[in-house]
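Q: Please take a close look at the charged pairs inside this protein, and at one arginine in particular. What does it pair with, and what lies around that part of the fold?

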Amino acid sequence: MAINSTGLQPGQGSGEENNRSHTLLSSDVVAALSAVSLRCVECSALYPALEAGQRASLPRYRCTCGGVLDVEMKLRLPHQRSPVAREGGDVFLDFDAGTGGAPAAGAEWRQLFDERATTPPIWSISTDKLLLDCSGVWRYRELILPAPEAYIISRPEGNTGLYPVGIENCGSGRSGHRQIGLYAGLERFFLKHEGENPTGSFKDRGMTVGVTMANMLGAKAVACASTGNTSASLASYAAQAGMRGIVFLPAGNVSGGKLAQSLAYGAQTIQIEGDFDDAMRLVEQVCNELGIYLLNSLNPFRVEGQKAIGFEILQQLDWQAPDWLVLPAGNLGNTSAIGKAFRQAYQLSLISHMPRIASIQAAGANPFYRSFKQNFASRESVQADTIATAIKIGNPVSYTRARRVIEESDGIVESVTDDEILAAKAVIDRAGIGCEPASAATLAGVRKLVAQGIIKRDEHVVGVLTGNLLKDSKTGIPQETSGIVVQSTIDAVRRVLG
Ligand code: F0G
């Protein structure tokens with residue numbers, strides 16, 4: 001059978017182990033997931049996270065109508081959960097009642113997360129205890145996934161820097177960072193650097209949850225299509241979990257740093273002739289036919305993990321919601337995730353208003369912008385082309401999820417040229433912060449929206465930098481200073497320094 005050509009272990013794809021029904025999953029997994037449902041974002045059909053008779057290796061990623069799915073579960077404070085006795089006398093924590101959304105509950109949620117955030121990250125020498133409270137994802141676990149602790153695969157991740165870079169909110173020790181605020185034209189501006197995650201991008205937040213789900217379902221192999229960052233993250237977390245990682249990349253369109261990560265972490269790296277959209281179509285087919293667990297943001301549990309970017313930003317701002325959240329947009333998983341996080345934080349009274357979301361696309365890969373410009377009258381797709389390869393995507397999977405976020409947050413979608421992206425990247429890089437090209441779309445977009453008067457100079461803005469500078473060291477290297485080699489004499493150095 002074709003499955004053997006991927007070298008999966010015996011039993012995978014078509015065999016007993018990977019095709020077991022959920023009745024053979026461990027009882028704590030079945031119990032935990034019984035509180036979780038999946039809602040189609042197109043037709044609102046509702047499915048249980050584990051369907052009767054469903055093969056564990058073939059979870060549902062789409063509705064029968066073809067729509068993508070969104071995780072739904074009741075969000076309850078730990079003490080609001082009622083212990084339910086299970087077979088064997090253990091206790092399962094029931095997430096399936098109440099909402100915890102009253103204003104007083106907002107204070108309780110804040111206290112819970114603030115206490116966890118101050119837990120010192122100390123490993124005991126004789127235990128493999130997880131430091132869940134120290135993960136910038138699992139700290140918010142009641143809002144992410146009711147995973148039994150023994151299944152969680154965490155580095156930990158998150159806890160990334162939130163840099164004050166506005167004209168007014170830069171302290172004296174940040175005079176270099178103020179250049180960013182001047183460039184944007186903003187008084188109170190923060191950059192959240194998701195490139196400080198373990199594999200250098202925000203993808204680790206969704207991946208810890210996606211690989212944890214794979215672990216709960218007993219998957220031995222996981223796969224994704226990627227413009228490079230998802231694949232690097234998948235490769236790393238799969239290696240940690242002892243799973244086989246398989247990644248599909250658009251040949252010639254992935255930066256060297258990201259490709260090196262996938263290979264070094266040991267994922268089977270398949271470069272396909274075609275673009276990301278082709279790779280995405282292929283991987284969905286491959287996963288469904290071969291019973292491999294799919295870890296693109298089509299997988300709704302990845303999106304749940306990425307919500308933690310939003311929760312962490314709010315916590316770092318002492319739960320004062322900003323006026324705007326600005327981020328680069330490609331496949332639209334992150335727009336969907338951060339928007340959902342803010343919606344839930346608002347519903348739980350963690351914050352008092354919803355920030356407006358601005359998604360920024362590259363001009364050569366801007367289908368979402370084109371739809372937005374027609375009030376979302378039609379769903380557009382394009383043949384993508386941009387120097388920011390991470391967001392070189394012409395047919396975003398999470399279109400409907402992201403559209404809801406823009407509409408309900410009174411948000412906006414903007415488009416910026418490659419020249420604007422590279423100019424913004426140079427400003428972020430020279431300030432000493434640095435990012436990969438796609439991330440710089442954030443600053444290019446903020447500058448454009450401020451110039452248009454859409455974002456006001458005195459509004460409180462957070463921009464997300466999604467990936468690390470080292471991911472893509474080729475772009476934005478200042479030509480005049482690159483590659484200078486001099487004799488090792490003081491005179492030669494004097495001449496260069498002027
Ligand atoms: N910024 C970076 C650095 C990215 O890698 C991506 C997506 C985005 C922004 C856009 O986020 O897709 O959720 O709208 N990278 C994916 C990947 C597609 O395969 O690594 P999105």
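A: **Salt bridges**

In this predicted model, E312 and R205 form a salt bridge, with the closest N and O atoms 2.9 Å apart. E312 belongs to helix α8 (residues 300-316) and R205 to helix α4, so the pair ties together parts of the protein that are 107 residues apart in sequence. R205 also forms a salt bridge with E194, and here the closest N and O atoms are 2.7 Å apart. R205 sits in helix α4 (residues 203-216), while E194 sits in the loop between β7 (188-193) and α4, so this second pair ties together parts that are eleven residues apart in sequence.

How far are these side chains from being open to solvent? R205 is buried because its relative accessible area is 0%. E194 is likewise buried, with a relative accessible area of 0%. E312 has a relative accessibility of 2%, so E312 counts as buried too; the cut-off for that label is under 20%.

**The strand beside E194**

E194 is also one of the residues touched by L465, once residues up to four places away in sequence are set aside. L465 is part of strand β15, and its relative accessible area of 0% makes L465 buried. The other residues on its contact list are L191, K192, H193, G195, I428, I433, G434, C435 and S439. Of these, K192 can be placed by distance: the C-alpha atoms of L465 and K192 are 5.9 Å apart, although 273 residues separate the two in sequence.

**Two helices that cross**

I428, touched by L465, leads on to a helix pair. Helix α12 (residues 418-430) and helix α13 (residues 437-451) have axes that come within 7 Å and cross at roughly 100°. The two helices are therefore roughly perpendicular. On the α12 side the contact is made by E420, I421, A424, K425, V427 and I428, and on the α13 side by P437, A440, A441, L443, A444 and K448.

**A buried lysine**

K258 is found in helix α6 (residues 256-264). K258 is buried, because its relative accessible area is 0%. Apart from neighbours within four places in sequence, K258 is in contact with T227, G228, N229, A232, A390, E436 and K471.

**Towards the surface**

For contrast, consider a pair within one helix. R494 forms a salt bridge with D491, the closest N and O atoms being 3.1 Å apart. Both residues lie in helix α14, three residues apart, which is about one turn of the helix. R494 counts as exposed because its relative accessibility is 54%, and D491 counts as partly exposed at 43%. Elsewhere, D70, E304, K307 and K340 are joined into one network by salt bridges that share partners. The protein has 22 salt bridges by the rule used here.

The surface also has a nonpolar patch of about 440 Å², made by I484, V486, V493, V496 and L497. V486 is in the loop between β15 (460-465) and α14 (490-497). With a relative accessible area of 39%, V486 is partly exposed.

**Backbone details**

Where does the backbone depart from the usual forms? R155 and P156 are joined by a cis peptide bond, with omega about 15°, and P156 lies in the loop between α2 (103-117) and β6 (162-164). S44 has a phi near 70°, a positive value in a residue other than glycine. S44 is found in the loop between β1 (37-40) and β2 (46-48) and counts as partly exposed, at 43% relative accessibility. S349 also has a positive phi, near 60°, and lies in the loop between α9 (333-347) and β13 (356-362).

**The whole protein**

These parts belong to a protein with 14 helices and 15 strands. Of its 498 residues, 58% count as buried. Among contacts between residues at least 6 apart in sequence, 70% join residues at least 24 apart; the salt bridge between E312 and R205 joins parts 107 residues apart. The accessible surface comes to about 19,600 Å², and 50% of that belongs to carbon and sulfur atoms.

Key. Residues are numbered from 1 along each chain as its sequence is written. This is a predicted model: local features need pLDDT of at least 70, side-chain atom pairs count only at pLDDT 80 or more; totals for chains, interfaces and linings use all residues. Side-chain values use heavy atoms; hydrogens and water are left out. Patches are made of residues with over 30% relative accessible area and no salt bridge: like charges are joined within 9 Å, nonpolar side chains (Val, Leu, Ile, Met, Phe, Trp, Tyr) within 5 Å. Accessible areas come from the Shrake-Rupley method with a 1.4 Å probe; for residues, only the protein chains shown count as cover. A salt bridge is a side-chain nitrogen of Lys or Arg within 4 Å of a carboxyl oxygen of Asp or Glu. Helices (H or I, at least four residues) and strands (E, at least two) are DSSP runs, numbered from the N terminus. Buried means under 20% relative accessible area, exposed over 50%, partly exposed in between (1.4 Å probe, protein chains only). Axes are lines fitted to C-alpha atoms, for helices over the stretch in contact, and angles run from 0 to 180 degrees between N-to-C directions. Angles under 35 degrees count as roughly parallel, over 145 as roughly antiparallel, 65 to 115 as roughly perpendicular and the rest as oblique. Contact means heavy atoms within 4.5 Å.
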